[in-house]
Structures are given as C-alpha cells and as structure tokens.
Amino acid sequence: YEWWAYEQDSDGKEIYTGHEKSLESLETYLNQNGPFLGVLGFSQGATLTTFLAELQQSKEKKWFKFVILIGGVPPISQYSNCVR
C-alpha cells in the first residue's frame, strides 16, 4: 500500500502522483471525524503526517495536538519547507 506513487521520467526527474488525492481524502476524514489527540505515521505515512501537520497549520485547523513520526523521509519539496 502507498499514499502516493513515485517514478522517474526519462530525464531522471522525480515524479510523484496520488499525494493530492490522499491529502484531500484525509482532510475530509479529519474534518468529519476529528479532532484527535494525536496522529502516528510510519514510513511513507510519516511523511504524509508531516504534510497534514503543515496543512493543519496553514488552514488554522485543530485536527490533532501532536504527531509521532517513525521511519519517514523528508517530505517532497512541493508540499513542505523541508527539501530533500
């Protein structure tokens, strides 16, 4: 399972697809079922949880108070100030 897909084009450029749909689905879920005390993200989910925390801050939402990130990688630069 994955929150988004990764591939490289013929020039070696990194291409990520599906992250917009994943974030949209999670935002809808959080709006309908939150708030939660915290969120735990593992692997690619840890990176996605970083996006959610940034989205929560930019939209001034209160979906959760803390995050736990395990085994993630820095987010792709398109969605975060943290650049790989």
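The legends below describe several close-up views of a predicted model.

**View 1. The whole chain, with its two helices and four strands.**
Followed along the sequence, the protein chain of this predicted model runs through the pattern β-β-α-β-α-β. The protein chain has 84 residues, and 29% of them count as buried. Its accessible surface comes to about 6,000 Å², and carbon and sulfur atoms account for 52% of that area. Among contacts with a separation of 6 or more in the protein chain, 60% are between residues 24 or more positions apart.

**View 2. The hairpin formed by strand 1 and strand 2.**
Strand 1, residues 5-8, pairs with strand 2, residues 14-17, in the antiparallel sense, and the pairing extends over four bridges. One place to look at this pairing is Glu7, whose bridge partner in strand 2 is Ile15. Five residues lie between the two strands of the hairpin, and in the turn Gly12 has a positive phi of about 85°.

**View 3. The largest nonpolar core, made up of twelve residues.**
The members of this core are Trp4, Tyr16, Leu23, Leu26, Leu30, Val39, Leu48, Phe51, Leu52, Leu55, Trp63 and Phe64. At least two of the core residues come from helix 1 (19-33), and at least two come from helix 2 (44-58). Helix 2 gives the largest share, with four residues. In soluble globular proteins, nonpolar side chains tend to be buried together.

**View 4. Leu48, a member of the largest nonpolar core, and the residues it touches.**
When residues up to four places away in sequence are not counted, Leu48 is in contact with Trp3, Trp4, Leu23 and Leu26. Of these neighbours, Trp4, Leu23 and Leu26 are listed with Leu48 among the residues of the largest nonpolar core.

**View 5. A nonpolar patch of about 600 Å² on the surface.**
The residues that make this patch are Leu37, Leu40, Phe42, Phe66, Ile68 and Ile70. The elements that contribute two or more residues to the patch are strand 3 (38-42) and strand 4 (66-70). Strand 4 provides the largest share, which is three residues.

**View 6. Phe42, a residue of the nonpolar surface patch.**
Phe42 is found in strand 3, and with Leu37, Leu40, Phe66, Ile68 and Ile70 it makes up the nonpolar patch. Is Phe42 buried or exposed? Phe42 has a relative accessible area of 56%, and because a residue counts as exposed over 50%, Phe42 is classed as exposed.

Methods: Residues are numbered from 1 along each chain as its sequence is written. This is a predicted model: local features need pLDDT of at least 70, side-chain atom pairs count only at pLDDT 80 or more; totals for chains, interfaces and linings use all residues. Side-chain values use heavy atoms; hydrogens and water are left out. A nonpolar core is a set of buried Ala, Val, Leu, Ile, Met, Phe, Trp, Tyr and Cys residues joined through side-chain atoms within 4.5 Å. Buried means under 20% relative accessible area, exposed over 50%, partly exposed in between (1.4 Å probe, protein chains only). Contact means heavy atoms within 4.5 Å. Patches are made of residues with over 30% relative accessible area and no salt bridge: like charges are joined within 9 Å, nonpolar side chains (Val, Leu, Ile, Met, Phe, Trp, Tyr) within 5 Å. Accessible areas come from the Shrake-Rupley method with a 1.4 Å probe; for residues, only the protein chains shown count as cover. A salt bridge is a side-chain nitrogen of Lys or Arg within 4 Å of a carboxyl oxygen of Asp or Glu. Two strands pair if DSSP finds at least two bridges between them.
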